[in-house]
Amino acid sequence: MMKNHLYKGLLFVIIAVLSACTAQKDTSYFQGLKRNSELSYKINNYSPLTIQSGDILALNIKSLNSEGSAVFNTAAAAGAGDAKGAAGAAGGYLVSEKGEIELPLVHSLKVSGLTLVQAQATIQKAITPYLKEPLVTVSLVNFKISVMGDVSHPDVFSVSSDRITIPQAITLAGDLTSTAKRNNVLLIREIEGERKFVNIDLTSAQLFDSPYYYLKNNDVLYVEAGKSKFKTDSPILKIIPIILSVASLVLVSIQLGR
């Protein structure tokens with residue numbers, strides 16, 4: 001009888017160890033990278049941010065004519081309170097559904113589909129007749145991404161630069177919980193009137209080569225919870241320790257009564 005108990009105990013330990021190893025494999029990121037040595041390669045999948053309808057652009061324009069430059073600058077345009085396309089509350093120029101912004105003197109200017117660098121060149125060319133040697137800087141005011149689902153801190157995050165990656169977004173959300181599905185994260189992207197749904201595998205090192213590695217404005221990452229999360233929350237599992245305790249007491253009582 002004692003041997004049977006020992007065998008059962010040993011079997012329980014083996015199953016527990018195997019389960020722990022499986023869980024570790026399921027929760028490890030970027031599997032396949034040789035991290036025991038230095039590894040480097042060229043980045044070939046970077047795609048710069050492109051402007052689309054609904055974006056709000058901040059302009060900082062300098063020239064030899066400082067008073068003339070002030071007319072185009074974001075703060076001046078927003079404070080003017082006119083219908084020049086400046087979003088006063090956000091302090092920038094709103095890109096219309098047609099993909100245009102309304103600049104003083106210039107009027108409608110197409111910017112959708114352009115990178116920020118391309119937009120700078122386009123705006124600089126458009127205002128050159130009104131300013132002497134203008135220098136234009138364009139930034140995106142309302143760049144934000146959302147991370148929801150089985151993460152520590154789901155939220156909408158504002159992005160201060162013009163680039164953010166999937167790992168950075170996950171980090172902003174406090175990382176995935178231990179019960180999250182790491183191999184099936186859903187990316188939701190709206191661009192040029194279309195909505196895309198893309199499955200992302202965080203456990204694969206191929207993530208670094210994905211065309212979706214760099215996030216765009218208004219991207220949403222949804223992290224699905226694994227089955228283990230619902231097992232943990234199950235009311236049946238919560239009463240199992242109580243049942244086992246009662247069963248142990250009954251067995252002890254039977255043994256003592258013999």
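**Note on the predicted model**

1. Among the elements of the protein chain, the lowest mean pLDDT, 44, belongs to strand β2 (residues 86–87), whereas strand β11 (residues 220–223) has the highest, 97. The model is a predicted one, and for the protein chain as a whole the mean pLDDT is 80, with 71% of the residues reaching 70 or more.

2. Two stretches deserve a careful reading. Over residues 13–22 the pLDDT stays under 50, and the model shows zero contacts for them beyond four places in sequence. Over residues 76–89 the pLDDT is likewise below 50, but this stretch has 24 contacts in the model beyond near neighbours in sequence.

3. A single glycine can serve as a local point of reference. G68 sits in helix α2, which covers residues 66–72, and it counts as buried because its relative accessible area is 14%, under the 20% cut-off. The C-alpha atom of G68 is separated by 9.9 Å from that of P134, although the two residues are 66 residues apart along the chain.

4. The largest pocket has a volume of about 350 Å³. Its lining consists of 17 residues, and those that lie nearest the centre of the pocket are Q52, E190, I191, E192 and G193. The elements that give two or more residues to this lining are β9 (185–191) and β10 (194–200), and the largest share, four residues, comes from β9.

5. As for the character of that lining, the residues of the largest pocket divide by class into eight polar, five charged and four nonpolar.

Methods. Residues numbered from 1 in each chain as written. Predicted model: local features only at pLDDT ≥ 70, side-chain atom pairs only at ≥ 80, totals over all residues. Heavy atoms only, no water. pLDDT = per-residue confidence, 0-100. Contact = heavy atoms within 4.5 Å. Buried < 20%, exposed > 50% of the residue type's maximum accessible area, 1.4 Å probe, protein only. 1 Å grid on protein atoms, 1.4 Å probe; cavity = no way out; pocket = protein on both sides within 12 Å on 5 of 7 lines; lining within 4 Å. Points joined across faces, edges and corners; volume = space filled by probe spheres on them. Nonpolar A, V, L, I, M, F, W, Y, C, P; charged D, E, K, R; others polar.
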